[in-house]
Amino acid sequence: MNSAMTKRALIAIVDDDESMRVSTATLMRSFGFGARGFASAEEFLQSPELGETSCLISDVQMPGIGGLELQKRLVSENRRTPMIFITGFPDPRIQERALAGGAVCFLTKPFDAQTLIQCVDRALNRSNG
């Protein structure tokens with residue numbers, strides 16, 4: 001049996017906006033995923049979940065390490081965790097950089113829950129395929 005099927009996928013949500021973090025984690029759990037929220041990229045990078053994360057949903061703009069910098073650090077450490085970016089401040093140049101860096105999706109807040117779930121499914125299929 002495929003090990004990805006036997007182990008529940010863990011979705012990490014990195015967002016300094018607590019209400020966004022909590023609602024996204026609740027949404028992920030309602031679809032049967034494991035979910036863990038982090039208030040900052042620094043908190044995520046120091047967590048034991050770093051190596052267990054199946055998919056990472058990250059805000060673009062946060063105090064300290066932002067989403068693009070987090071993506072760059074993960075890539076430089078050879079971590080192939082699929083990333084989905086969410087932002088309240090869409091900027092085509094930032095979107096281009098995120099997607100060029102390997103992001104699965106780049107969503108503007110507020111986004112549709114179904115759209116986010118489709119992005120997570122795409123991210124998990126990419127990492128298993």
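**Entry 1. The main core**

I looked first for the largest nonpolar core of this predicted model, and found that it has 22 residues. Met28, Phe33, Ile57, Ile84 and Val120 are the residues with the most contacts inside it. I then asked which elements supply at least two residues each. They are strand E1 (10-14), H2, strand E3 (55-59), strand E4 (83-87), strand E5 (105-108) and helix H6 (113-128). H6 gives the largest share, six residues.

I followed Val120 in particular. Leaving aside its neighbours within four places in sequence, Val120 is in contact with Ile11, Met28, Phe33, Ile57 and Ile84. Another core lies apart from this one; it has 19 residues, and Ala12, Val60, Leu68 and Ala103 are among them.

**Entry 2. Confidence**

I checked how far the model can be read. The average pLDDT of the protein is 92, and 92% of the residues score at least 70. Residues 1-6 are another matter: pLDDT stays under 50 there, and the model has two contacts beyond four places in sequence for this stretch. Where pLDDT is low, the predicted coordinates should not be read in detail. I therefore drew no detail from residues 1-6, where pLDDT is under 50.

**Entry 3. Strand E4**

I turned to E4 and asked whether its residues are buried or exposed. Five of the five are buried, so E4 is largely enclosed by the rest of the structure. Met83, Phe85 and Thr87 point one way from the strand, while Ile84 and Ile86 point the other way. Both groups are buried.

I next looked up the partners of E4. E3 pairs with E4 in the parallel sense over four bridges, and Ser58 stands opposite Phe85. E5 also pairs with E4 in the parallel sense, over four bridges, and here Phe85 stands opposite Phe106.

The connections between these strands were my next point. E3, helix H4 (residues 67-76) and E4 form a right-handed β-α-β unit. E4, helix H5 (residues 92-100) and E5 form a right-handed β-α-β unit as well.

**Entry 4. Aromatic pairs**

I searched for paired aromatic rings and noted a count of two pairs. What kind of pair do Phe38 and Phe44 make? Their ring centres are 5.2 Å apart and their planes stand at 70°, so the pair is edge-to-face. Phe38 is buried, with a relative accessible area of 0%. Phe44 counts as buried too, at 0% relative accessibility.

The other pair is formed by Phe85 and Phe106. Their centres lie 6.3 Å apart with the planes at 40°, so I recorded the pair as tilted. This pair links distant parts of the chain, since Phe85 is in strand E4 and Phe106 is in strand E5, 21 residues apart. Phe85 is buried at a relative accessible area of 0%. Phe106 has a relative accessibility of 11% and counts as buried, because the cut-off is under 20%.

**Entry 5. Phe31**

I examined Phe31 next, which has its place in the loop between helix H2 (18-30) and strand E2 (34-38). Why does Phe31 count as partly exposed? Its relative accessibility is 41%, and partly exposed covers the range between 20% and 50%. Which residues does Phe31 contact, leaving aside its neighbours within four places in sequence? They are Gln114 and Ile117. I also took the separation of Phe31 from Ile86: the two are 55 residues apart along the chain, and their C-alpha atoms are separated by 19 Å.

**Entry 6. Backbone details in two loops**

I closed with the backbone. The peptide bond from Lys109 to Pro110 is cis, with omega near -10°. Pro110 lies in the loop between E5 and H6.

Asn78 was the other residue I looked up. Its phi is near 65°, a positive value in a residue other than glycine. Asn78 lies in the loop between H4 and E4. With a relative accessibility of 56%, Asn78 counts as exposed.

Note on methods
Residues numbered from 1 in each chain as written. Predicted model: local features only at pLDDT ≥ 70, side-chain atom pairs only at ≥ 80, totals over all residues. Heavy atoms only, no water. Buried < 20%, exposed > 50% of the residue type's maximum accessible area, 1.4 Å probe, protein only. Contact = heavy atoms within 4.5 Å. Core = buried A, V, L, I, M, F, W, Y, C linked by side-chain atoms within 4.5 Å. pLDDT = per-residue confidence, 0-100. Phe/Tyr/Trp six-rings, centres within 6.5 Å; stacked < 30°, edge-to-face > 60°. Pairing = 2+ DSSP bridges. Right-handed = clockwise from strand over helix to strand, strands pointing away.
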